[in-house]
Amino acid sequence: MAKLSTTELLDAFKEMTLLELSDFVKQFEETFEVTAAAPVAVAAAPAAGGGGGAAEEAAEQDEFDVILEAAGDKKIQVIKEVRGLTSLGLKEAKDLVDGAPKPVLEKVAKDAAEKAKAALEGAGATVTVK
């Protein structure tokens, strides 16, 4: 079977009805064991659910924010750690540390958040992970 180009695939999809396209998506998901659902819709559903959904969302959280609460006594070391964790320049990192509480990293994996927290606390900062 000849390999179809992206343009050829799109032309074939344009000729399909919505029902045919829906069936195709279902078969595609089953064959490759994936879902075409948007991750935003999944995140929005527990928030709309009310109080019970908040506990579920916390249990399934996979993105974390590392927030610098205070720099502590070793401000220069904290600035160095912030620069190492981010792509910020010296002035931007200093402004972030001076303006604490501020997020250092946003929407990172749990292990990356824990490493960043350990590094910042090792430099003397007060950090929370949300």
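Which side chain meets that of Lys-91 in a salt bridge? The legends below take up this pair and then its surroundings in a model that is predicted.

**View 1. The salt bridge between Lys-91 and Asp-95 in helix H6.** The side chain of Lys-91 meets the side chain of Asp-95, with 3.0 Å from N to O. Both residues belong to helix H6, where they are 4 residues apart, about one turn of the helix. Lys-91 has a relative accessible area of 57% and is exposed, because exposed means a value over 50%. Asp-95, at 38% relative accessibility, counts as partly exposed. Lys-91 can also be located with respect to Ile-79, since the two residues are 12 residues apart in sequence, while their C-alpha atoms are 9.4 Å apart in space.

**View 2. The salt bridge between Lys-94 and Asp-98.** In this pair the closest N and O atoms are 2.8 Å apart. Lys-94 and Asp-98 are 4 residues apart in helix H6, so about one helical turn separates them. Lys-94 counts as partly exposed at 38% relative accessibility, and Asp-98 counts as partly exposed at 39%.

**View 3. The salt bridge between Asp-98 and Lys-75.** Here the closest N and O atoms of the two residues lie 2.6 Å apart. Asp-98 is in helix H6 (residues 90-98) and Lys-75 is in helix H5 (residues 75-85), so this pair ties together parts that are 23 residues apart in sequence. Lys-75, with a relative accessibility of 34%, counts as partly exposed. Asp-98 is also the partner of Lys-94 in a salt bridge, and through such shared partners Lys-75, Lys-94 and Asp-98 are joined into one network. By the rule applied to this model, the count comes to 3 salt bridges.

**View 4. The packing of helices H5 and H6.** Two packed helices are described by the angle between their axes and by the distance between those axes. For H5 and H6 the angle is about 120°, and the axes are 9 Å apart. The two helices are therefore oblique to each other. Where H5 passes H6, the crossing is right-handed. A salt bridge between Asp-98 and Lys-75 also links these helices, because Asp-98 lies in H6 and Lys-75 in H5.

**View 5. The packing of helices H5 and H7.** Helix H7 covers residues 110-122, and its axis comes within 8 Å of the axis of H5. The two axes cross at roughly 160°, which makes H5 roughly antiparallel to H7, because angles over 145 degrees count as roughly antiparallel. H5 passes H7 in a crossing that is right-handed.

**View 6. A nonpolar patch on the surface.** Phe-24, Val-25, Phe-28, Phe-32 and Val-34 make this patch, which has an area of about 420 Å². One of these residues, Val-25, has its place in helix H2 (residues 18-32). Val-25 counts as partly exposed, with a relative accessibility of 32%, and this value fits the patch rule because a residue needs over 30% relative accessible area to be included.

How values were computed:
Residues are numbered from 1 along each chain as its sequence is written. This is a predicted model: local features need pLDDT of at least 70, side-chain atom pairs count only at pLDDT 80 or more; totals for chains, interfaces and linings use all residues. Side-chain values use heavy atoms; hydrogens and water are left out. Patches are made of residues with over 30% relative accessible area and no salt bridge: like charges are joined within 9 Å, nonpolar side chains (Val, Leu, Ile, Met, Phe, Trp, Tyr) within 5 Å. Accessible areas come from the Shrake-Rupley method with a 1.4 Å probe; for residues, only the protein chains shown count as cover. A salt bridge is a side-chain nitrogen of Lys or Arg within 4 Å of a carboxyl oxygen of Asp or Glu. Buried means under 20% relative accessible area, exposed over 50%, partly exposed in between (1.4 Å probe, protein chains only). Axes are lines fitted to C-alpha atoms, for helices over the stretch in contact, and angles run from 0 to 180 degrees between N-to-C directions. Angles under 35 degrees count as roughly parallel, over 145 as roughly antiparallel, 65 to 115 as roughly perpendicular and the rest as oblique. A crossing is left-handed if the near helix is turned anticlockwise from the far one by less than a right angle, and right-handed if clockwise.
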